[in-house]
Amino acid sequence: MGRTMAWAARSDHLGGIPRKLVIMGVGSFAKVVTSLLNSTSVQNPETLIRLVRSRPQGVPLITVSNHMSTMDDPLMWGFKGFPTTDARLQRWVLAAEDICFRNSISSYLFRLGKCIPIKRGGGIYQEHMEEALERLSDGAWLHTFPEGKICQDDTPIRRLKWGTASLIDRAPVTPIVLPIIHRGFEEVLPEKSFFGRRPPVPLWNKDIRIIVGEPIQFDLPQLRQTAISISRGQSLDSVGWRTTSHHGLNVVAQRWLYTTISDKIRTVMEDLRGFGSTLLKLKV
């Protein structure tokens with residue numbers, strides 16, 4: 001099966017005009033909701049803005065965050081000072097196929113908005129994960145929600161899916177990985193507040209807090225060597241996996257590597273979440 005409306009995701013589709021219009025419109029909406037209708041504070045925004053605007057040429061950026069509502073993206077990019085309406089700088093994002101790509105119209109619009117459809121349970125080697133890898137190969141910015149689903153409770157970060165870790169490992173140039181934690185979007189778009197459903201429009205007069213961390217460092221060559229050493233003489237069911245990765249890792253080694261990368265990201269995200277909870281208690 002071919003990629004969903006891949007032609008609409010091309011930067012040169014109709015001269016790039018539809019993409020610019022969609023991102024300008026969505027970005028303006030995000031600015032209104034996040035910066036005007038609600039009270040938003042951002043810790044360390046300069047790190048995110050710097051990496052979006054001026055990271056080394058050819059070096060991809062992966063941002064990872066918790067997932068509190070169906071509109072975290074694009075609302076989380078609507079804070080003051082962020083280039084939300086710039087189609088060239090705007091992120092690519094992994095988006096749930098069953099929610100965002102239900103029909104041809106929504107598929108077209110989400111594709112113009114630089115969204116990559118991901119099938120839940122489709123595995124780390126599904127067709128559109130290869131597309132995400134291609135964007136990283138271009139040095140682009142990709143955002144992911146590695147928990148894989150929405151959680152509106154103030155609970156610890158859940159075990160992360162392996163998709164993000166696999167992209168970090170497989171990218172030709174090791175991406176910069178930047179963690180972000182946010183709180184408040186679950187009040188802007190609560191899941192069951194409007195007759196047991198989401199409200200028809202985002203709510204207002206809510207407090208939104210966004211915390212941008214520092215880049216997470218990974219010594220991938222060393223991690224791969226450790227993975228190979230640990231996996232010697234071991235085997236696992238290879239269904240859904242490539243029996244040997246492009247770095248020569250068997251299934252056991254791949255699983256160890258992706259678990260290790262995911263656990264490190266989760267630990268950093270949980271530390272940021274704890275820091276945010278402390279700030280909330282201190283009302284900073």
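**Exercise 1. Find which residues line the largest cavity, and describe its setting.**

*Solution.* Start with the lining: Ser41, Gln43, Arg209, Ile211, Gly276 and Leu279 surround the largest cavity. A cavity here is a set of points, on a 1 Å grid over the protein atoms alone, where a 1.4 Å probe fits but cannot get out, and lining residues have an atom within 4 Å of a point. Next, place these residues: the elements that give two or more residues to this lining are β1, β7 and α10 (251-282). Helices (H or I, at least four residues) and strands (E, at least two) are DSSP runs, numbered from the N terminus. Then take the volume, which is about 30 Å³, counted as the space filled by probe spheres set on the points, with grid points joined across faces, edges and corners. The structure holds 1 cavity of 30 Å³ or more. Finally, sort the lining by class: 2 nonpolar, 3 polar and 1 charged. In this scheme Ala, Val, Leu, Ile, Met, Phe, Trp, Tyr, Cys and Pro are nonpolar, Asp, Glu, Lys and Arg are charged, and the others, Gly among them, are polar.

Before you go on, a word on the model: it is predicted, so local features need pLDDT of at least 70 and side-chain atom pairs count only at pLDDT 80 or more, while totals for chains, interfaces and linings use all residues. Residues are numbered from 1 along each chain as its sequence is written, and side-chain values use heavy atoms, with hydrogens and water left out.

**Exercise 2. Work out the strand order of the open sheet and what packs on it.**

*Solution.* Reading across the open sheet, the 7 strands run β1-β7-β6-β2-β5-β3-β4, and the pairing is mixed. Two strands pair if DSSP finds at least two bridges between them. At the edges stand β1 (39-43) and β4 (115-118), each of which pairs on one side only. From one strand to the next, the twist averages 25°. Now add the helix: α2 (residues 45-54) packs on the sheet and touches β1, β2 (61-65), β5, β6 (176-183) and β7 (207-212), where contact means heavy atoms within 4.5 Å. The direction of α2 makes about 140° with that of β6; axes are lines fitted to C-alpha atoms, for helices over the stretch in contact, and angles run from 0 to 180 degrees between N-to-C directions.

**Exercise 3. Explain why β3 is largely enclosed, and identify its partners.**

*Solution.* Begin with burial: 5 of the 5 residues of β3 are buried, so the rest of the structure largely encloses this strand. Buried means under 20% relative accessible area, exposed over 50%, and partly exposed in between (1.4 Å probe, protein chains only). Both faces are covered, with Trp92, Leu94 and Ala96 buried on one side and Val93 and Ala95 on the other. Then look sideways. β3 (residues 92-96) pairs with β5 (residues 141-144) in the parallel sense over 2 bridges; here Trp92 stands opposite Leu142 and Val93 opposite His143. With β4, β3 pairs in the parallel sense over 4 bridges, and Ala96 stands opposite Ile118.

**Exercise 4. Describe the second largest pocket, including its volume and lining.**

*Solution.* A pocket is an open set of grid points with protein on both sides within 12 Å along at least five of seven lines. This one has about 570 Å³ of space. Its lining counts 30 residues, of which Arg19, Arg88, Trp92, Lys114 and Ala140 lie nearest the centre. Two or more lining residues come from each of α1 (17-36), α2 and α6 (127-137), and α2 gives the most, with 4 residues. By class, the lining has 11 nonpolar, 7 polar and 12 charged residues.

**Exercise 5. Compile the burial of α6 and α7.**

*Solution.* In α6, 8 of its 11 residues are buried, among them His128, Met129 and Leu133. What covers the buried residues of α6 includes β2, β3, α5 (104-112), β4, β5 and α7. Just after α6, Gly139 takes a positive phi of about 85°. Turning to α7 (residues 163-170), 8 of its 8 residues are buried, including Asp169 and Arg170.
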